[in-house]
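Colleague: I am new to this structure. Could you take me closely through one part, the surroundings of the ligand, and then through the sheet?

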Amino acid sequence: MSETTTPPTTHPLVDGEVGPGCKKVDPIVIADGVVRQFGGLTAVDVEHAEIPRGAITALIGPNGAGKTTFFNLLTGFDRPNKGAWSFEGQSLAHVPSHKVARRGMVRTFQLTKSLGRLTVLQNMLLGARDQRGEGIFAALVRPLWKAQEEANIERADSLLARFKLDAKREDYAASLSGGQRKLLEMARALMSEPTLVMLDEPMAGVNPALTQSLLDHVKGLKDDGMTVLFVEHDMHMVRHISDWVIVMAEGRIVAEGPPETIMQNQAVVDAYLGAHHDTDLGTLTNQQVAQIHEDAGDEVPVDVDASARQQTTTDAPADPGADAHDEEGKR
Ligand SMILES: Nc1ncnc2c1ncn2[C@@H]1O[C@H](COP(=O)(O)OP(=O)(O)OP(=O)(O)O)[C@@H](O)[C@H]1O
């Protein structure tokens, strides 16, 4: 059994005591009583949630916990049965998704929506905030949109260079690898100069070679003053880059805290592994991680899969935590 320490009850991001639904010192998003039902199934039932500004928050939980549905609700891609939520102090109820994005809250999708038959640059331009040429009057008055189009292209080029996609500028998005599409999604989200970036499973399907670069890019968003909220199953990503972790299970928030303590939280262990485990998520072997992914019907991340296979042919480490720490050391 791994050693557990009592988690601290206070945290610099939190106003009051740390716990599910706790108040933040400077929240950028506040949700209250948000419920979404599909027929008889309650997919989301969030009593209270606050997302801290200027931090990287991970939203984790087992498959079907309601994470993506909650994302969809916050960003106007779905409507709740009831509840209220605000961004930068303004209610977002009944605000359609494109207007949510204009206010500075953008999201990427689990299955990337890069339009394959458009070039990388064209995909980027779709993410631009104000497209003046879209109005009939403006479309007829060339100077009105020409200058803006040039500014958008300039911004797109600078983002493509930052995400090392500049060499792919004229390529069709369909020709990019899964990881490059993730980078394109992130770059495109930045076209609208958002204040909050929401990433849905940024690591899913990403080749290990691109993993570090993606992590660095997400950290870079925070360094540039943006708030990041991401849904992710990859615990390495959660541990390495998040400042705060919110755990959902069966539609509810069951735990919150900094990553170093949340992985040892019994509610988190139970949510992921079932009620009869005492292993903490921070010290899982790759075999265990692979098993969780397999049980959940997920694709097993390549690096975990390879290590797990290796482990089945060699002796298991005496200390189950040793392997996880070794793996961490490689990153
Ligand atoms: N459009 C829909 N119609 C019916 N049920 C839905 C719909 N969308 C989601 N659900 C159900 O709501 C529950 C929550 O799903 P959701 O996709 O939000 O979970 P999740 O935590 O994001 O899971 P995953 O990690 O697998 O992406 C699941 O039981 C799912 O089957």
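**The ligand shell and the sheet**

Modeller: Around the ligand stand Phe38, Leu41, Ala43, Gly61, Asn63, Gly64, Ala65, Gly66, Lys67, Thr68 and Thr69. Keep in mind that this is a predicted model. Sort those shell residues by type. There are 4 nonpolar, 6 polar and 1 charged. Now sort by element. Two elements each give the shell at least two residues: strand E2, spanning 41–52, and helix H1, spanning 67–74. The biggest contributor is H1, with 3 residues.

Next, the sheet. It is open and has 6 strands. Read across, their order is E6-E7-E8-E3-E9-E10. The pairing is mixed. At the edges stand strand E6 (105–107) and strand E10 (252–257). Each has a single partner strand, so one side of each is left without a neighbour in the sheet. From one strand to the next, the twist averages 20°.

Look now at one pair inside that order. Strand E7 covers residues 196–200, and strand E8 covers residues 227–231. The two run parallel, joined over 5 bridges. To find one such bridge, start from Asp200; its partner in E8 is Val231.

A helix also lies against this sheet. Helix H7, residues 208–223, packs on it. H7 touches E7, E8 and strand E3 (56–60). The direction of H7 makes about 145° with that of E8.

Note on methods:
Residues numbered from 1 in each chain as written. Predicted model: local features only at pLDDT ≥ 70, side-chain atom pairs only at ≥ 80, totals over all residues. Near = placed C-beta within 6 Å. Helix = DSSP H or I, 4+ residues; strand = E, 2+ residues; numbered from the N terminus. Nonpolar A, V, L, I, M, F, W, Y, C, P; charged D, E, K, R; others polar. Pairing = 2+ DSSP bridges. Axes fitted to C-alpha atoms, helices over the stretch in contact; angles between N-to-C directions. Contact = placed C-beta atoms within 7 Å.
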